[in-house]
Amino acid sequence: PFTIVAKSVQHVILEGKPAPLLAYQVEQDGNTWINPVFRVRRGTTVRTKLWNALDESTIIHWHGLKVDANNDGHPHYAIAAGATYDYQYSVINRAGTYWYHPHPHELTAKQAYLGMASLYIVEDDEEFALQRALDLKLGVTDIPLVIQDKKFDEQGRLVYAPSEEEKVNGYVGDTVLVNLTPRPHVNAATRLYRFRILNGSNARAYRLAFAQGDRQLEYAVIGTDGGLLDRPYPVKEAFLSPGERLDVLLDLRRAAVGDAVILRSLAFDPMHAESGAGMAMDHGAMGSQGQSPSPHAGMAMDGQAPGASPGTALPDGAAIDLLRINVTSKTAYVPRVPATLSTLEPVKALDVTPREFLLDLKDGRWRINGKVFEMMKTPVVVKRGASEVWEIRNSERSMPHPMHLHGFLFRVLARTGSPEQLKGGVVNEQGLTATDLGWKDTVLVWPGETVRVAVDFSHPYPGDQVYLFHCHNLEHEDQGMMINIKAQS
Ligand code: C2O
Ligand code: CU
Ligand code: CU
């Protein structure tokens, strides 16, 4: 058992500028941890006390974990400043890279943005076998990357002040941090590396690629939100929207000492068409073919906001360099990448009438099926144990929405009406990209696109359990692009 204190701490993100950060603090064995990464074996019973030492309400949501509603951190359970909340649940999820963040009504975006978020890694025997086969060590050769874009003031303090327009578009920053670190680098040897990548940004999506000079390297996607895939899928790029995770292998065996590989987000059309065509035109000029104008165009290494001209924000869809990997040593390394990573059941084709969800905008509010969130209403009722097909349709005049379900995971069945820029990453006839494979809790739906998912509503929790389905653009979520889902027997 341990206590997580939600509080404001002093922390240095920008060199020489200590500033307040909202954080989760855990004290254990005489150490104080800020936003610790939890590492839990499947089957473990977790007992945690949340102590709210903020000056406003909060609650923790364990993003991706299949827990009962009492432990899920629905905003209805938010606790006042000074109060505590006891969590107790057993971890029944597959091994995977999950995460935790606040979920109080209308305060989620601000608290997550100001610092409260970290990873929650679940492990099981399959996962241990992979770690042994690839000789992986968490934090050394198995490296979690939490990508978040932020804005700072002169004193180095985080600024969260979305305008009315930014509440509609989402709040994007001009400095992209990885693990709360600006301009990060890691030193590597000539071997395989695993990166567990979380897009922990409020509103910005990334088009992830590894590049060496002008050359885009192939990498292997081995896992997504809900853990390992059946086998590695080789790709050259993958979109990752807020809330989603991607587990990848990068092979540096043929690199030479002195080489540098850059993890970057390639330029893309952010497809903002919420208020007419104007915005989409502006950003479209970036090009949507995935090639940034020069290999160092988005380089953040000089401290300049990457991709932005001085004084302007870094627009959504801009090319950004995220992490520099310096190859600094040679090593003899023979990986045995298992042919089968995990026994992932194939997606079942269900002969059922899909349940429809339409995403649109009215009077400056994003809606699901024509409604904004109402705390005490449960418009969607599902039968515990049922298998459903959900059809999530995004309107034409819209923007991308990363749709997230609490309490249950799903499989993506098909994408239709996808934008051109997705084509480069498509891996099967159903139009899926590598990010869509395996068990998912968050799926990106582009404007004009329809995404079908198969949801498995089985869990061991009796009675009524109320969860959420919402957009993980956190400004959208706070503005009410969210709906209660009640599971009942
Ligand atoms: Cu990560 Cu309801 O969210
Ligand atoms: Cu969640
Ligand atoms: Cu949205």
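How much space lies in the largest cavity? The answer is about 100 Å³, and since this is a predicted model, that value describes the computed coordinates. Let's stay with the cavities for a moment. The structure holds 7 cavities of 30 Å³ or more. In the largest cavity, 14 residues form the lining, and the closest to its centre are Ala203, Ala205, Asp316, Met399 and Pro400. Sorted by class, the lining of the largest cavity comprises 10 nonpolar residues, 3 polar ones and 1 charged one.

From there, let's move to the metal site. Which protein atoms act as donors to the copper ion (ligand 3)? They are ND1 of His401, SG of Cys471 and ND1 of His476, and they lie 2.0 to 2.1 Å from the ion. Read along the chain, the donors of this copper ion follow the spacing H-x69-C-x4-H. Histidine 401 belongs to strand E27 (residues 401-405) and cysteine 471 to strand E31 (residues 465-471), so to speak two distant parts of the chain, 70 residues apart, linked by the pair.

Next come the sheets. If you would like to trace one strand by strand, try the open sheet of 7 strands with the order E12-E11-E10-E14-E20-E17-E18, where the pairing is mixed. Its edges are strand E12 (181-182) and strand E18 (227-235), each of which pairs on one side only. Helix H2 (residues 125-134) packs on this sheet and touches E14, strand E17 (219-224), E18 and E20. The direction of H2 makes about 135° with that of E14. Strand E14 (residues 192-199) is also joined to strand E20 (residues 245-251) by 7 bridges, and the two run antiparallel. To find your place in that pairing, look for isoleucine 197, which stands opposite leucine 246 in E20.

A further open sheet is made of 5 strands, in the order E24-E23-E26-E30-E28, again with mixed pairing. Here the edge strands are strand E24 (365-368) and strand E28 (410-416), and each pairs on one side only. From one strand to the next, the twist averages 20°. Within this sheet, how do strands E26 and E30 run, parallel or antiparallel? Strand E26 (residues 387-394) and strand E30 (residues 450-456) run antiparallel, with 7 bridges joining them. A handy landmark on this pair is arginine 393, which stands opposite threonine 450 in E30.

Conventions: Residues numbered from 1 in each chain as written. Chains lettered and ligands numbered in written order. Predicted model: local features only at pLDDT ≥ 70, side-chain atom pairs only at ≥ 80, totals over all residues. Heavy atoms only, no water. Pairing = 2+ DSSP bridges. Helix = DSSP H or I, 4+ residues; strand = E, 2+ residues; numbered from the N terminus. Contact = heavy atoms within 4.5 Å. Axes fitted to C-alpha atoms, helices over the stretch in contact; angles between N-to-C directions. 1 Å grid on protein atoms, 1.4 Å probe; cavity = no way out; pocket = protein on both sides within 12 Å on 5 of 7 lines; lining within 4 Å. Points joined across faces, edges and corners; volume = space filled by probe spheres on them. Nonpolar A, V, L, I, M, F, W, Y, C, P; charged D, E, K, R; others polar. Donors = N, O, S within 2.8 Å, 3.2 Å for Na, K, Ca; no water.
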